[in-house]
Amino acid sequence: MKMKVILAGLLASLALVGCTTTKDFLNDHQDEATQAASNRGKFEFSCDAVSATVLNRKTIELYPVEMPQYQVGIAGCGKKEVYIVNCNPESGCMVYDSAHDFLKDTKKQDTTAATSIE
């Protein structure tokens, strides 16, 4: 009986060691997200001197995976942009501009009439 209690306690301890808090999870990927947003800003602004500010961060559930998501402001060479950065712990970070939220269906219906060519 005593052995079962010790074994159960050991297994519970091992399970808890593998868990991280949401704050730790976000902290672990923030530098990578900030660097990815900075790289995109440098490219889009044609400017090597950019600064990054994390404006918001949260976890999102994308498919069956929980991912960290950051809203990063980039400024440099007189320009500013806000990017959304999603980080997959296994494959890295993807940077999206905030005007195109890929989680929403942004497809616009084409209302122009189709004409045929004869």
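Guide: A pocket is defined on a 1 Å grid over the protein atoms alone as an open set of points with protein on both sides within 12 Å along at least five of seven lines. This is a predicted model, in which local features need pLDDT of at least 70, side-chain atom pairs count only at pLDDT 80 or more, and totals for chains, interfaces and linings use all residues. Residues are numbered from 1 along each chain as its sequence is written, and side-chain values use heavy atoms, with hydrogens and water left out.

Visitor: What is the volume of the largest pocket?

Guide: A volume is the space filled by probe spheres set on the grid points, which are joined across faces, edges and corners. For the largest pocket, the volume is about 170 Å³.

Visitor: Which strand gives the most to the lining of the largest pocket?

Guide: Lining residues have an atom within 4 Å of a point, and strands are DSSP runs of E with at least two residues, numbered from the N terminus. At least two lining residues come from each of strand E2 (65–76), strand E3 (79–88) and strand E4 (92–97). With four residues, the strand that gives the most is E4.

Visitor: With which residue does the side chain of glutamine 69 make a polar contact?

Guide: Glutamine 69 is found in strand E2 and is buried (under 20% relative accessible area, 1.4 Å probe, protein chains only), at 9%. A polar contact is a pair of N or O atoms within 3.5 Å; within protein, one must be able to donate a hydrogen and the other to accept it, and residues adjacent in sequence count only if both atoms are side-chain atoms. At 2.8 Å, the partner of glutamine 69 is the side chain of asparagine 86.

Visitor: How many residues apart in sequence are the parts tied together by cysteine 47 and cysteine 77?

Guide: These cysteines form a disulfide (sulfur atoms within 2.5 Å), with their sulfur atoms 2.0 Å apart. Cysteine 47 lies in the loop between helix H2 (22–45; a helix is a DSSP run of H or I, at least four residues) and strand E1 (51–62), whereas cysteine 77 lies in the loop between E2 and E3. The pair therefore ties together parts whose separation in sequence is 30 residues.

Visitor: Is cysteine 77 buried or exposed?

Guide: Its partner, cysteine 47, counts as buried at 3% relative accessibility. Cysteine 77 has a relative accessible area of 52%, and a value over 50% means that this residue is exposed.

Note on methods. 1 Å grid on protein atoms, 1.4 Å probe; cavity = no way out; pocket = protein on both sides within 12 Å on 5 of 7 lines; lining within 4 Å.
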